[in-house]
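Trainee: Could you take me through one part of this model in detail? I would like a close look at the aromatic contact and its surroundings.

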Amino acid sequence: MPYRWSDTPEGPEVLTLTAHRSLPPKGFAAVILITVAFLTLPLLSVLGTAVLWWMLPFLGAAVWALWAALRRSYKDGEVSEDLTRAGDILTLTHRPARGDDLSWECNIYWVRAELHKEGGPVPNYVTLSGNGRQVELGRFLSEDERKDLFNEVQTYLSAASRK
């Protein structure tokens, strides 16, 4: 799962959510190398002709575009969220890929988790309500991961209210 609970005796309980990486860095390099190899094969037939020099800029641009798109995808995947409990205060910190961190906090006894099966920007949209605001949780997770996350957060909040 792209989220994990951590609990230390000295510090607060934390739920950390991160975006899933389907293409690891080694895979990134392999995709670029395979693309270069497959684009180089047709060039062998035009070696030593003027056609080679006409095709090279376009093939180079295609490799650069693929590289740039994959780098952008990696940058967009740097989004993360931390749900931290310190005493009775629950704090959600959203770290977008670009821009400033967004933060929300509320007394844990007033927080309510909701699962919106339809009507949200994504299916099985998870929100936390409290302190006069409603904030999203784990929007970048898959549909099944959001269902599991909702169940875990719901269990966590109900256990916290019994303490």
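**Aromatic pair and nonpolar patch**

Mentor: Leu41 has a relative accessibility of 51%, and because the cut-off for exposed is over 50%, this residue counts as exposed. The model is a predicted one, and in it Leu41 sits in the loop that runs between helix H1 (25-40) and helix H2 (50-76). Together with Ile34, Phe38, Leu44 and Leu47, Leu41 makes a nonpolar surface patch of about 550 Å².

The aromatic contact you asked about is the 1 aromatic pair that the structure holds. It is formed by Phe28 and Tyr74, whose ring centres are 5.7 Å apart and whose planes stand at 85 degrees, so the pair is classed as edge-to-face, the cut-off for that class being over 60 degrees. The pair links distant parts of the chain, since Phe28 belongs to helix H1 and Tyr74 to helix H2, with their positions 46 residues apart. Phe28 is buried, at a relative accessible area of 12%, and Tyr74 is likewise buried, at 14%.

As for the surrounding segments, an unreviewed UniProt entry places the feature "transmembrane region" at residues 27-45 and 51-70. In the model, residues 27-45 are 74% helix and 0% strand, with their end C-alpha atoms 29 Å apart, while residues 51-70 are 100% helix and 0% strand, with an end-to-end C-alpha distance of 29 Å.

Technical notes:
Residues numbered from 1 in each chain as written. Predicted model: local features only at pLDDT ≥ 70, side-chain atom pairs only at ≥ 80, totals over all residues. Heavy atoms only, no water. Patch = residues over 30% accessible without salt bridge, like charges linked within 9 Å, V, L, I, M, F, W, Y side chains within 5 Å. Areas by Shrake-Rupley, 256 points an atom, 1.4 Å probe, with all protein chains shown as cover. Salt bridge = Lys/Arg side-chain N within 4 Å of Asp/Glu carboxyl O. Helix = DSSP H or I, 4+ residues; strand = E, 2+ residues; numbered from the N terminus. Buried < 20%, exposed > 50% of the residue type's maximum accessible area, 1.4 Å probe, protein only. UniProt positions renumbered as here; feature names shortened; annotations may be inferred. Phe/Tyr/Trp six-rings, centres within 6.5 Å; stacked < 30°, edge-to-face > 60°.
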